[in-house]
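Look at the chain below and follow it from one end to the other. The paragraphs after it take up its contacts, its elements and some of its residues in turn.

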Amino acid sequence: MSKLEQILILDPPSDLRFRGPFTDVITTNLKLKNPSDRRVCFKVKTTAPRRYCVRPNSGIIDPGATVTISVMLQPFDYDPNEKSKHKFMVQTIFAPSGVSDLEVMWKDAKPDDLMDSKLRCVFDMPSENDRMNEQESSKSTAVLNASKADGTSGAKPSCLSMDDTEMRKLVDECKRLQTEVGKLFEENRQLKDEGLRMRRANQFDTSASKPSAMLSKDPASKSLPSLLVVIAAIFIGFFLGKFVL
């Protein structure tokens with residue numbers, strides 16, 4: 001048992017397993033637990049850095065805490081002879097008090113203070129039966145998704161047809177309202193014209209009655225002076241007659 005195993009508990013303890021086929025990114029988790037009463041710094045290294053993405057690849061674990069590290073294997077063409085070349089190593093050191101710069105701490109660390117543990121990478125390729133089962137599962141999933149898509153696409157035209165029907169109803173209603181508004185405008189115009197004709201007729205009747213009244217008044221006005229002259233002549237004749245007699 002190494003010094004690291006006495007400080008940190010690894011899960012899995014020795015192997016990182018990846019299940020193929022390796023056509024997509026495959027992720028496996030590595031858990032580091034610190035059962036001690038001191039803070040522990042860790043760093044994860046690999047012999048194939050271009051093939052893996054490790055997050056986080058370094059940090060500090062508090063006493064009693066656990067950190068989960070995601071190891072992501074990038075897609076590649078599987079070669080059985082290459083699997084022995086992929087290894088991981090976890091280095092740890094007790095965190096000095098007041099540490100602020102981890103890079104400087106790792107550079108200044110003495111070999112005797114470092115503790116490490118090595119992990120192997122194990123690649124599991126699926127058997128023919130597993131491949132057939134996976135293919136059947138993928139086919140059934142594709143068929144199910146296609147049927148859902150067809151159901152969804154089949155439901156859309158009905159929704160669209162309903163929308164078209166409602167739209168046509170709205171258009172017809174708008175046309176009907178426009179026709180009613182046009183009729184109201186026409187009736188209003190006719191009422192205005194009728195009122196204008198009535199006002200003009202009233203004005204004509206008034207203007208026509210005024211000259212007749214004037215004509216009827218003129219003879220009276222003209223006959224009045226003649227009557228006065230006659231009356232005056234009678235009185236004058238009467239007085240003259242009396243005076244002469």
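In this predicted model, residues 24 or more positions apart account for 70% of the contacts in the chain with a separation of 6 or more. Examples of such pairs come up further on. The chain has 245 residues, and 19% of them count as buried. Its exposed surface comes to about 18100 Å², and carbon and sulfur atoms supply 58% of that area.

How many helices and strands does the chain have? There are three helices and nine strands. Read from the N terminus, their order is α-β-β-β-β-β-β-β-β-α-β-α. An element at the N terminus is thus a helix, eight strands follow it, and then come a helix, a strand and a helix.

Strand S2 covers residues 15–19, and two salt bridges start from it. In one, the side chains of Asp 15 and Arg 120 meet, with N and O 3.1 Å apart. Asp 15 belongs to strand S2 and Arg 120 to strand S9 (residues 115–124), so this pair links distant parts of the chain, 105 residues apart. Is Asp 15 buried or exposed? Its relative accessible area is 17%, and the limit for a buried residue is under 20%, so Asp 15 is buried.

The other salt bridge joins Arg 17 and Asp 124, whose closest N and O atoms are 3.1 Å apart. Because Arg 17 lies in strand S2 and Asp 124 in strand S9, the pair ties together parts that are 107 residues apart in sequence. Both partners are partly exposed: Arg 17 has a relative accessibility of 47%, and Asp 124 has 24%.

Asp 124 also comes up with Gly 20, a residue in the loop between strand S2 and strand S3 (26–33). Gly 20 and Asp 124 are 104 residues apart in sequence, yet their C-alpha atoms are 5.9 Å apart in space. Which residues does Gly 20 touch, leaving out those up to four places away in sequence? They are Ile 26, Asp 124, Met 125 and Pro 126. Gly 20 counts as buried because its relative accessibility is 7%.

Strand S3 holds Thr 28. Apart from residues up to four places away in sequence, Thr 28 touches Leu 16, Arg 17, Phe 18, Ile 69, Ser 70 and Val 71. At 15% relative accessibility, Thr 28 is another residue that counts as buried.

Next come two peptide bonds. Most peptide bonds are trans. The bond from Asp 11 to Pro 12, however, is cis, with omega near 0 degrees. Pro 12 sits in the loop between strand S1 (9–11) and S2. The bond from Arg 55 to Pro 56 is also cis, with omega near -10 degrees. Where is Pro 56? Its place is the loop between strand S5 (52–55) and strand S6 (58–61).

Two cysteines can be looked at as well. Cys 53 is partly exposed, with 23% relative accessibility, whereas Cys 121 is buried at 6%. A search of the whole structure for disulfides finds zero.

The remaining part of the tour is helix H3, which spans residues 128–244. An unreviewed UniProt entry carries the annotation "coiled-coil region" for residues 167–194. In the model, that stretch is 100% helix and 0% strand, and its end C-alpha atoms are 41 Å apart. Met 167, Leu 170 and Val 171 form a nonpolar patch on the surface, and together they have about 280 Å² of accessible area. Val 171, which is found in helix H3, counts as partly exposed at 37% relative accessibility.

Helix H3 has salt bridges too. Arg 197 forms one with Glu 194, the closest N and O atoms being 2.5 Å apart. Both residues lie in helix H3 with a spacing of three residues, about one turn of the helix. Glu 194 is partly exposed, with a relative accessibility of 38%. Salt bridges that share partners also join Glu 186, Arg 189 and Asp 193 into one network. For the whole structure, the number of salt bridges is six.

Note on methods:
Residues are numbered from 1 along each chain as its sequence is written. This is a predicted model: local features need pLDDT of at least 70, side-chain atom pairs count only at pLDDT 80 or more; totals for chains, interfaces and linings use all residues. Side-chain values use heavy atoms; hydrogens and water are left out. A disulfide is a pair of cysteine sulfur atoms within 2.5 Å. Buried means under 20% relative accessible area, exposed over 50%, partly exposed in between (1.4 Å probe, protein chains only). Helices (H or I, at least four residues) and strands (E, at least two) are DSSP runs, numbered from the N terminus. Contact means heavy atoms within 4.5 Å. Accessible areas come from the Shrake-Rupley method with a 1.4 Å probe; for residues, only the protein chains shown count as cover. UniProt positions are given in the numbering used here, feature names are shortened, and annotations may be inferred rather than shown by experiment. Patches are made of residues with over 30% relative accessible area and no salt bridge: like charges are joined within 9 Å, nonpolar side chains (Val, Leu, Ile, Met, Phe, Trp, Tyr) within 5 Å. A salt bridge is a side-chain nitrogen of Lys or Arg within 4 Å of a carboxyl oxygen of Asp or Glu.
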